[in-house]
Amino acid sequence: MLDNWQRIEKIIKWSGVASVSAFAREIGLNRGENLYQIKRGNNGISRELTETITAKYPAVSKAWLLTGEGEMLPGKAARVKYDIPFYKSDAVEFIEGAQVPVGELLAALPDPEYYISFPMMQGCHFAAFTFSDAMAPEIPGGSTLFFRHIEKEALTPGSMCLIISKKFSGIRTLRREPSSKNVRLVPKNIDNFDEITIGISEIEELFVVKGVLINK
């Protein structure tokens, strides 16, 4: 039988969230200290925390989370992890329009128009359109993109990301020079869009593009 932290850890891995802190924010906690106390063995899993987690992930069994008995995902509920919220709007406009404090975005996402069941995109936090041609011809305007939230510390140079900052918001390929505190935001459509450089510290939200559906 899994202990308290092993059960929490299993849910975090299943959810596809990048870190304990990110998971805490996703379920609506201001910070992850309670979860770290469970990891250290100082706290157990309370009924309140159980309600908080299962409100976000209703597929998870409350009984299993509290006691470790039974299955984490009873019956056919395991398929829920493939259901990705889809928003029928431009991704940049959608994220900027959320108007929530930095770091609280995932916990404050509105109910989507519908869900996309796409096992290959497991771990993505949402899908939306891009109406910009900045990444054309690789990603033409009107394509559907699948996004996964990541922390700035997990940034991998060369990744295509949705970047939200006060200076710039958009979808670009991120390039970083060694030992630099800046990051270059590189478009594919260089005839019509310019490269931009911003400080890594200026990035407020970061979503890596995990997949693309080109609508023809």
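**View 1. Cys161 and Cys124, the two cysteines of this close-up, in the predicted model.** Cys161 is buried, and its relative accessible area comes to 0%. Cys161 takes part in no disulfide, and the nearest cysteine sulfur, which belongs to Cys124, lies 12 Å away. Cys124 also counts as buried, at 10% relative accessibility. Because the closest cysteine sulfur to that of Cys124 is the one in Cys161, at 12 Å, the separation is too far for a bond. A disulfide would need the two sulfur atoms to be within 2.5 Å, and by this rule the count comes to zero disulfides.

**View 2. Helix α1 and the residues at its two ends.** Helix α1 covers residues 4–15; it has twelve residues and reaches 17 Å from its first C-alpha to its last, which is close to the 16 Å expected at 1.5 Å a residue. At the N-terminal end, α1 is capped by Asp3, with a side-chain oxygen of this residue placed 3.3 Å from the backbone nitrogen of Trp5. After the helix comes Gly16, and the phi of this glycine is positive, near 85°.

**View 3. The buried residues of α1 and the helices they pack against.** Trp5, Arg7, Ile8, Ile11, Ile12, Trp14 and Ser15 are the residues of α1 that are buried. As a group, the buried residues of this helix pack against four elements, namely α2 (20–26), α3 (33–39), α4 (47–56) and α5 (62–67).

**View 4. Ile11 and its surroundings in α1.** Ile11 is part of helix α1 and is buried, with a relative accessible area of 0%. When residues up to four places away in sequence are not counted, Ile11 touches Phe23, Ile53, Tyr57, Val60, Trp64, Leu65 and Met72. For a sense of scale, the C-alpha atom of Ile11 is separated by 35 Å from that of Arg184, a residue 173 places further along the chain.

**View 5. Thr173 in strand β6 and the residues it contacts.** Thr173 belongs to strand β6, which runs over residues 169–175. Thr173 is buried, with a relative accessible area of 6%; because a residue counts as buried when this value is under 20%, Thr173 meets the cut-off at 6%. Once its neighbours within four places in sequence are left aside, Thr173 is in contact with Met135, Gly158, Ser159 and Met160, and also with Arg184, Leu185, Val186 and Lys188. Arg184, one of these contacts of Thr173, is the residue whose C-alpha was compared with that of Ile11 in the previous view.

Note on methods
Residues are numbered from 1 along each chain as its sequence is written. This is a predicted model: local features need pLDDT of at least 70, side-chain atom pairs count only at pLDDT 80 or more; totals for chains, interfaces and linings use all residues. Side-chain values use heavy atoms; hydrogens and water are left out. Buried means under 20% relative accessible area, exposed over 50%, partly exposed in between (1.4 Å probe, protein chains only). Contact means heavy atoms within 4.5 Å. The expected span of a helix is 1.5 Å times one less than its number of residues. A polar contact is a pair of N or O atoms within 3.5 Å; within protein, one must be able to donate a hydrogen and the other to accept it, and residues adjacent in sequence count only if both atoms are side-chain atoms.
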